[in-house]
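This report considers one helix, its surroundings and its packing partner. The structure is shown below.

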Amino acid sequence: MYVITGLNEAQIESLVQKRASFEINGLRGNFMAGIKLVETKIESQGLKCRVKSDTKSALAQGGALGALASLASAPVTLTVLGVTAAASAGHNLLTRNPDYEILKDYVNQRLKVIYKK
C-alpha cells in the first residue's frame, strides 16, 4: 500500500488513476478537506466511493470503547447513536458495490483509501 504524507493532489490523482490503494497520513487540521479531496478525485474518474469510520483502529487505541461506554448511559445518546447507525446503513445502500472505500481514522488523523474491485 502506498503512503502519502499530507494532501498531495497530484499524487492522490495519480494513485486513483492507477486504481491503487493508499494511505494519507499527517492530516492534522486538514482532515475534512482531505476526505473531500479524495472523494472528488475518485468521482472525477467516474468511480464510486463509500466513506466509513475506521472503528477497528479507534478500538485498538482504546479510547473509543471507553467513550462509548460512558455515552451509552444517557437515553438521548442512545437515540443519537441509533439515528447515526440508520443513516450509515442508508448511505451504504446508496453506495452499493463501491470502487473505493475511504476509511476515516479520527484518532490518528489518517485516511485509508482502499480499491475494492
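In this predicted model, asparagine 8 lies in the loop that links β1 and α1. Asparagine 8 counts as partly exposed, because its relative accessibility is 34%, between the limits of 20% for buried and 50% for exposed. Its C-alpha atom is 9.9 Å from that of leucine 37, although 29 residues separate asparagine 8 and leucine 37 along the chain.

Helix α1 spans residues 9-17, and Ile12, Leu15 and Val16 are buried within it. These residues lie on the same side of α1, because they cover an arc of only 100 degrees around the axis. A general feature of α-helices is relevant here: with 3.6 residues a turn, residues three or four places apart point the same way. The cover over the buried residues of α1 includes the elements in the following table.

| Covering element | Residues |
|---|---|
| β1 | 2-5 |
| β2 | 22-25 |
| α2 | 31-44 |
| β4 | 100-105 |

After α1 comes arginine 19, which has a positive phi, near 60 degrees.

The packing of α1 against α2 can be described further. Their axes are 9 Å apart and form an angle of about 40 degrees, which means that α1 is oblique to α2. The crossing of the two helices α1 and α2 is right-handed. On the α1 side, the contact is made by Glu9, Ile12, Glu13 and Val16, and on the α2 side by Leu37, Val38, Lys41 and Ile42. Sorted by class, the contact of α1 with α2 comprises five nonpolar and three charged residues, with no polar ones.

How values were computed:
Residues are numbered from 1 along each chain as its sequence is written. This is a predicted model: local features need pLDDT of at least 70, side-chain atom pairs count only at pLDDT 80 or more; totals for chains, interfaces and linings use all residues. Side-chain values use heavy atoms; hydrogens and water are left out. Buried means under 20% relative accessible area, exposed over 50%, partly exposed in between (1.4 Å probe, protein chains only). Helices (H or I, at least four residues) and strands (E, at least two) are DSSP runs, numbered from the N terminus. The arc is that of the directions from the helix axis to the C-beta atoms. Contact means heavy atoms within 4.5 Å. Axes are lines fitted to C-alpha atoms, for helices over the stretch in contact, and angles run from 0 to 180 degrees between N-to-C directions. Angles under 35 degrees count as roughly parallel, over 145 as roughly antiparallel, 65 to 115 as roughly perpendicular and the rest as oblique. A crossing is left-handed if the near helix is turned anticlockwise from the far one by less than a right angle, and right-handed if clockwise. Ala, Val, Leu, Ile, Met, Phe, Trp, Tyr, Cys and Pro count as nonpolar, Asp, Glu, Lys and Arg as charged, and the others, Gly among them, as polar.
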